[in-house]
Amino acid sequence: MKPQLADSLVMAGLARELNQVLAGGTVRRVLPMSKQAVALDVVSGKGQQYLLLDWQVGAARAHLVAAPKPISEETSFQGALRRQLREATVLGLSQRGFDRLLVVELANLGGLGAREQGMLILEATGKQANCLLVVRGDDEIAAVARPTPRRDDLYRTLAVGARYYPPPGHDKLDPRSADAEALRVAVGRSDKPLRAALRDAVAGLSNILLSEVCLRAELSAEESVTDLPRDWPERWASAMADVVLKAEEGRAWMYHDDDDQPALVYPVRLRQEDQEPEETASLSEGLALVGQRIEEREEGRRLRADLLRELRAEVERKRRVLERRREELRAATNAEQWRLWGELLVANLHSIGDAQPGGEVELVDYYSPDQRTVRIPLLPGRSAQATAEVYFRRHKRDQRAMDRLPNLITQAERRLRAAEEKLQQVEESEGLEELRKARGEDWDSRRRRASRRTGSEGPKVGRTVAPSGHVVLYGRSSAENDSVVRLARPSDIWLHARGVGGAHVLIRTEGAPNKVPHETLLWAAELAGRMSNYRSDGIADVDYTLARYVHKPRRSPPGFVTYTHQKTLRLTLREERK
């Protein structure tokens with residue numbers, strides 16, 4: 001079983017749990033736990049509690065944590081939450097519809113009194129996970145972790161000032177209240193399998209929930225709707241009602257994966273699972289364990305990828321070194337030929353006479369038992385005497401190589417074997433601890449040495465985070481501008497004020513420049529404009545292009561680059577907010 005977080009049924013139970021603990025409390029602090037998570041420090045009648053809200057793709061979740069460890073930097077979204085939620089009152093927590101949406105109802109937003117109400121909404125919806133602060137009344141978005149651009153072809157716009165709409169599917173049937181007749185009408189005479197037909201018509205059906213209800217209703221989820229018994233809606237609605245009734249008992253059951261690690265917490269015992277589950281104290285506690293497991297798996301995946309990339313490159317480097325040494329040894333086997341040619345030329349200088357440089361001479365090999373002749377080339381532009389001197393130097397060079405290369409080859413073979421063994425160890429490693437062990441204590445120092453070789457260490461550069469969550473680097477001096485260019489990856493977006501001096505600005509795109517919102521591009525362009533000679537003009541022209549098209553010429557002054565494929569943005573510079 002692969003680790004899985006909350007589906008809609010789990011979210012419903014979690015909202016009930018958290019509401020009992022946090023309702024009526026006061027938010028004292030908003031702590032940044034990562035770039036994509038916060039913890040609300042809430043003091044309620046149950047004491048001090050920390051509610052984690054995580055909108056990381058693949059690990060979005062909410063649960064209580066015991067001892068949060070906040071990071072030192074916050075994103076602009078987290079900063080907005082810190083300012084708006086301090087001393088806010090938690091009115092309650094609920095699930096929106098039957099979806100993976102957790103709503104924290106709040107009052108006293110921004111410290112402006114009980115009438116200033118809003119909702120902190122966690123959308124734990126897979127790849128579209130997000131977190132938003134929405135003002136009550138007109139449902140206007142006050143802050144959003146992952147903004148989306150304003151486009152007519154999009155179902156909804158997630159941007160500050162836009163009206164909030166829930167994710168698609170909110171108009172589907174709620175399976176908790178849908179009766180047999182409603183199911184029959186919604187599904188109709190579909191020829192799709194029951195699983196697909198129900199997902200088209202009913203909200204919040206995860207694979208686990210749908211399979212469990214079908215099992216209890218004795219229906220095949222893969223069978224076409226038209227081939228099912230006529231009473232299938234009655235059977236399905238009855239089974240769903242039974243599952244909901246069990247879930248409302250407030251119990252939590254933990255299921256484990258093949259490594260006996262937490263994989264799934266669920267509010268009912270699943271008949272589809274053969275293993276005997278372990279009852280845990282709460283859904284919140286179970287989600288914390290499963291979330292930790294998912295983060296460990298993700299850390300292991302990233303660590304494995306980093307190690308494999310580094311080690312494969314290291315193996316290839318050592319293989320090239322070994323092949324070069326072997327090639328040098330093969331070339332050095334001509335040492336005796338160079339000596340022979342040199343000695344024969346010197347011995348026959350009197351008979352060679354005016355032989356043309358660049359040609360050949362045919363001489364008797366006095367060292368050969370059969371006194372055979374040898375054709376010896378004369379080097380272009382050199383006399384026979386000068387050619388002999390070159391051949392003697394080549395003899396000495398190759399003789400030295402013959403003396404030292406065998407040891408160098410043995411050393412290169414030993415280093416290659418060690419690197420290949422390290423690579424095999426990582427490829428066969430299972431689990432995070434084994435990967436950490438495979439990395440070894442010398443890994444970080446080796447990475448630092450590699451960084452020094454490539455020049456990636458240097459002056460520290462400015463770093464900030466755009467409202468969309470993208471990391472933005474910028475230079476505050478010519479030396480830092482060079483560092484920004486050196487740190488750039490080919491798919492990052494580079495920006496600079498057009499035709500004037502200023503900062504180099506870089507948007508980290510994580511390999512997806514086409515997914516950077518236009519608002520983020522404008523945000524970074526304004527930063528580049530403010531940090532240029534345009535700052536006093538109020539209007540700036542800013543060029544931008546992919547970092548792969550930015551070139552630092554050799555021996556050019558600090559901060560100087562050339563670039564191509566650029567586009568230009570003209571924008572009005574707003575007064576910098578403190």
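In the next few minutes I will go through two helix packings, one sheet with the helix that lies across it, and one aromatic pair. Please keep in mind throughout that what we are looking at is a predicted model.

Let me begin with helix 3, residues 180-187, and helix 6, residues 232-247, which pack with their axes 8 Å apart and at an angle of about 120°. That angle makes helix 3 oblique to helix 6, and the crossing of the two is right-handed. On the helix 3 side the contact is made by Ala180, Leu183, Arg184 and Val187, while helix 6 contributes Trp232, Pro233, Glu234, Trp236 and Ala237. Sorted by class, this contact of helix 3 with helix 6 has 7 nonpolar and 2 charged residues, and no polar ones.

The second packing involves helix 1, residues 8-22, and helix 7, residues 283-332, whose axes come within 9 Å and cross at roughly 120°. These two helices are therefore oblique to each other. Here Val10, Gly13, Leu14, Glu17 and Leu18 in helix 1 meet Leu283, Ser284 and Leu287 in helix 7, and the residues of this contact divide into 5 nonpolar, 2 polar and 1 charged.

Turning now to the sheet, we have an open arrangement of 6 strands in the order 15-16-18-17-19-22, with antiparallel pairing. At its edges are strand 15, residues 462-465, and strand 22, residues 567-572, each of which pairs on one side only. From one strand to the next, the twist averages 25°. If we look at the edge formed by strand 15, its pairing with strand 16, residues 471-474, is antiparallel and runs over 4 bridges, and within strand 16 it is Val472 that stands opposite Thr464.

Which strands does helix 13 lie across? Helix 13, residues 478-487, lies across strand 15, strand 16, strand 17 (493-497) and strand 18 (505-507), and the helix runs at about 140° to strand 16.

Finally, a word on the aromatic residues, since the structure holds 5 aromatic pairs, of which I will describe one. The ring centres of Trp338 and Trp341 are 5.7 Å apart and the ring planes stand at 80°, which is over the 60 degrees required, so this pair counts as edge-to-face. Both Trp338 and Trp341 belong to helix 8, residues 335-347, where they lie 3 residues apart, about one turn of the helix.

Definitions and conventions: Residues numbered from 1 in each chain as written. Predicted model: local features only at pLDDT ≥ 70, side-chain atom pairs only at ≥ 80, totals over all residues. Heavy atoms only, no water. Axes fitted to C-alpha atoms, helices over the stretch in contact; angles between N-to-C directions. Parallel < 35°, antiparallel > 145°, perpendicular 65-115°, else oblique. Left-handed = near helix turned anticlockwise from the far one by under 90°. Contact = heavy atoms within 4.5 Å. Nonpolar A, V, L, I, M, F, W, Y, C, P; charged D, E, K, R; others polar. Pairing = 2+ DSSP bridges. Phe/Tyr/Trp six-rings, centres within 6.5 Å; stacked < 30°, edge-to-face > 60°.
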